[in-house]
Amino acid sequence: MSAPNSTSELPGGRPVPLSASDPSQPYGSNDKAGLWGWSGGQPTAELRRGLRLLLALGLGCGLDTTEIIPLRGPDVRVLKDGSCVLAVRGNRSRLIVCSRPYERTLAEASRHAETGYLFRPASFARGPNTVTDLVYRAAPDPRVPRLVMGRCRATWLAERMNVPISLPVLLAAAGLDSLHALSRLLPYLKGASAEQAHTTLREMP
């Protein structure tokens, strides 16, 4: 999907504000904490619930905008141990295990949606602006970076590339069929000291 130009509009004729940030740059830990606090300080319950769900789906599940829009309440399954498994629809259909910090938000959203849409269940018009419109209506905070779902997904990917995780598992969870899409994240991955690299490479079977 190409980036919106200056004439792109939301319902009602309002222009879509453009982001100057790199959509591939992951959020840092302070950014994530700031976004969570910002979402919880919004003036309406709809904004608070919707923005926190976007963070749960982006930072906790690695979804992009097009995957969020068609989700429904029953697509979330809460297991006995409290973990949440999300069934993603569409061309990249798959199961995602939500990361622990966002489990409660995802479970609560599923109960609230019942059999309806998971994100913005009261909105029956599902289109490209379903996500953008809610983010645009949120009260901004100059201390917090703008919420961009592409950056949320990049954060999710980079965090998992930084831990010992099997590449086939990561590709399956991300809905990818090659490593090409991950190459843009290499500049944002953590490095290792010479001693750490020596030990890791030596101890490999």
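Gly 28 sits in the segment that precedes helix H1 of this predicted model, and with a relative accessible area of 30% Gly 28 is partly exposed. Although 127 residues separate Gly 28 from Thr 155 in sequence, their C-alpha atoms are 8.0 Å apart in space. A second link between distant parts of the chain is a salt bridge between Glu 159 and Lys 32, in which the closest N and O atoms are 2.7 Å apart. Because Glu 159 belongs to helix H6 and Lys 32 to helix H1, this pair ties together parts that are 127 residues apart in sequence. Glu 159 itself counts as partly exposed, at 31% relative accessibility.

How far the model can be read depends on its confidence values, and here the mean pLDDT of the protein chain is 88, with 89% of its residues reaching 70 or more. Residues 1-20 call for caution, since pLDDT stays under 50 over that stretch, for which the model has 28 contacts beyond four places in sequence.

The interior can be approached through the largest nonpolar core, which has 47 residues and in which Leu 54, Leu 57, Leu 63, Leu 106 and Leu 147 are those with the most contacts inside it. At least two residues of this core are supplied by each of helix H1 (29-40), helix H2 (45-59), strand S2 (84-88), helix H4 (103-113), helix H5 (129-137), H6 and H7. The largest share, 8 residues, comes from H2. Leu 63 shows what such a position has around it: leaving aside residues up to four places away in sequence, Leu 63 touches Leu 57, Gly 58, Ile 68, Leu 71, Leu 86, Val 88, Arg 94, Ile 96, Met 149 and Arg 153.

Helix H2 also holds Arg 48, a residue that counts as partly exposed at 32% relative accessibility. Beyond four places in sequence, Arg 48 touches Ser 39, Gly 40, Gln 42 and Pro 43, while the C-alpha atoms of Arg 48 and Gly 37, 11 residues apart in sequence, are 10.0 Å apart in space.

Charged pairs add a further layer to this picture. Side chains of opposite charge can pair when their charged atoms come close. With a cut-off of 4 Å between a side-chain nitrogen of Lys or Arg and a carboxyl oxygen of Asp or Glu, the count comes to 10 salt bridges. One of them joins the side chains of Asp 64 and Arg 92, at 2.6 Å from N to O. Asp 64 lies in the loop between H2 and helix H3 (65-68), and Arg 92 in the loop between S2 and strand S3 (94-97), so this pair ties together parts that are 28 residues apart in sequence. Arg 92 counts as partly exposed, at 25% relative accessibility. Another salt bridge is formed by Arg 143 and Asp 141, whose closest N and O atoms are 2.9 Å apart; here Arg 143 counts as exposed at 73% relative accessibility, whereas Asp 141 is buried, with a relative accessible area of 19%. Elsewhere, salt bridges that share partners join Glu 46, Arg 120, Asp 133 and Arg 137 into one network.

On the surface, Val 163, Ile 165 and Val 169 make a nonpolar patch of about 220 Å². Ile 165 is placed in the loop between helix H6 (149-161) and helix H7 (167-174), and its relative accessible area of 32% makes this residue partly exposed.

How values were computed: Residues are numbered from 1 along each chain as its sequence is written. This is a predicted model: local features need pLDDT of at least 70, side-chain atom pairs count only at pLDDT 80 or more; totals for chains, interfaces and linings use all residues. Side-chain values use heavy atoms; hydrogens and water are left out. Patches are made of residues with over 30% relative accessible area and no salt bridge: like charges are joined within 9 Å, nonpolar side chains (Val, Leu, Ile, Met, Phe, Trp, Tyr) within 5 Å. Accessible areas come from the Shrake-Rupley method with a 1.4 Å probe; for residues, only the protein chains shown count as cover. Helices (H or I, at least four residues) and strands (E, at least two) are DSSP runs, numbered from the N terminus. Buried means under 20% relative accessible area, exposed over 50%, partly exposed in between (1.4 Å probe, protein chains only). A nonpolar core is a set of buried Ala, Val, Leu, Ile, Met, Phe, Trp, Tyr and Cys residues joined through side-chain atoms within 4.5 Å. Contact means heavy atoms within 4.5 Å. pLDDT is the predictor's confidence in each residue, from 0 to 100.
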